[in-house]
Amino acid sequence: MTAPIVHGGGITEAAVRFGGAPDDWLDLSTGINPCPVALPKIDARVWHRLPDRQLEEAARAAASSYYRTGDLMPLPVPGTQAVIQLLPRLADLKRRAAIFGPTYGEYERVLTGAGFAVDPVARADDLSAAHGLAVLVNPNNPTGRVFPPDQVLAMAREMEASGGLLVVDEAFGDLDPETSVAPHVDAQHNLVVFRSFGKFFGLAGLRLGFVVANAAVTESFREWLGPWAVSGPALAVAARLMEGDTEAVREGILERNAALHAVLRGAGMDVIGGTGLFALVDHERANDLHTALCGEHILTRKFDYDRRWLRIGLAADANGDRRLAEALQRAGV
């Protein structure tokens, strides 16, 4: 069994180490909208009953419209991580896997733990007929690199010729829908798209994601997850929110992102990447800076594989921006 990865969001553990109550901390370690949308009213019976087919179909129909998948109905799953854990079952262990990196570390952990030989790749040209599975996080976490849809589809067609499968993780794709290849899955059957619900809407605690794939892959995931994998309240909330107007959510995130970048520019920090929900900075003392900010009860995300990188998420308001700016100044950035 491979060692677990330390992700963002460990406020309780940080408070134990550096002091303070968890509620006193400013959590900038995740890529989650810090201004969650208001929960819609849902029928109280949803809390008392097992989720039925009608509830699931409503969520799938809303997701189909939201992700523009046409007649292909996305499958609700209990968070993207749940299907990442199942990913080895889709591929042939006798063939190699490729992961465009550096990226979200759970893909490599899960695949190597299942016995796959995994090749880190950076370009489409790095893929070969030896790869039965390739994983592309697009936009990428943490660099923000984006492959346009035509390039992603070209990769999928190349892999299709050798029976390969291309998995595209679009967890951070809500802010720029035109980069998504979800609308093309119905025509490109070796393409599988993972989508996250909680990041954009700020409701990560729902543990909800969607898989866009051909019928065989969708039914495999459904079988592996078992009955009632997604809670009724999660399905109901998703159906309501994905049917609504999300422009205000998008504008709010972009406003918070602009404020974060203003703080980082003011501190003279070198922003080298990111998405609308976080910025990636390069700093020669990134690990020391991470520790100094923890001393101020501000949690950011450092990386074991690059000690110059620090990922900084969005604060919920101007007070959080000011707190970060002052802490950076005291840290001598």
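**Group meeting: helix 2, some odd backbone spots, and a sheet**

Okay, let's start with helix 2, residues 53-67. With 15 residues at 1.5 Å each, helix 2 should span 21 Å, and its end C-alpha atoms are 21 Å apart, so the two agree. Keep in mind that this is a predicted model.

How does helix 2 begin? At its start, a side-chain oxygen of Asp-52 comes to within 3.3 Å of the backbone nitrogen of Gln-54.

Now, which residues of helix 2 are buried? They are Leu-55, Ala-59, Arg-60, Ala-62, Ala-63, Ser-64, Tyr-66 and Tyr-67. Yes, Arg-60 is on that list. As for what covers these buried residues, the cover includes strand 2 (75-77), strand 7 (191-196) and strand 8 (209-212), along with helix 6 (198-201), helix 7 (215-225) and helix 8 (232-243).

Right after helix 2 comes Arg-68, with a positive phi near 60°. Arg-68 sits in the loop between helix 2 and strand 2. Buried or exposed, you ask? Arg-68 is partly exposed, because its relative accessible area is 36%.

That brings me to the backbone oddities. As a reminder, most residues other than glycine have a negative phi, and most peptide bonds are trans.

Besides Arg-68, have a look at Trp-228: phi there is positive as well, near 55°. Trp-228 lies in the loop between helix 7 and helix 8. At a relative accessible area of 54%, Trp-228 counts as exposed, because the cut-off for that is over 50%.

Then the cis peptide bonds. One joins Gly-101 and Pro-102, with omega about 0°. You'll find Pro-102 in the loop between strand 3 (96-100) and helix 4 (106-113). Another cis bond links Asn-138 to Pro-139, again with omega about 0°. Pro-139 is in the loop between strand 5 (131-137) and helix 5 (149-160).

Last stop, a sheet. Here 4 strands make an open sheet, ordered 9-10-13-12, with antiparallel pairing. Which strands are at the edges? Strand 9 (270-275) and strand 12 (301-302), each pairing on one side only. Strand 12 pairs with strand 13 (residues 309-313) over 2 bridges, in the antiparallel sense. If you want a residue to click on, try Arg-301: its bridge partner in strand 13 is Arg-311.

And what packs on that sheet? Helix 9, residues 247-266, touching strand 9, strand 10 (278-282) and strand 13. The direction of helix 9 makes about 20° with that of strand 10.

That's my tour, thanks.

Methods. Residues numbered from 1 in each chain as written. Predicted model: local features only at pLDDT ≥ 70, side-chain atom pairs only at ≥ 80, totals over all residues. Heavy atoms only, no water. Expected span 1.5 Å × (residues − 1). Buried < 20%, exposed > 50% of the residue type's maximum accessible area, 1.4 Å probe, protein only. Contact = heavy atoms within 4.5 Å. Polar contact = N/O pair within 3.5 Å; in protein donor to acceptor, adjacent residues only side chain to side chain. Pairing = 2+ DSSP bridges. Axes fitted to C-alpha atoms, helices over the stretch in contact; angles between N-to-C directions.
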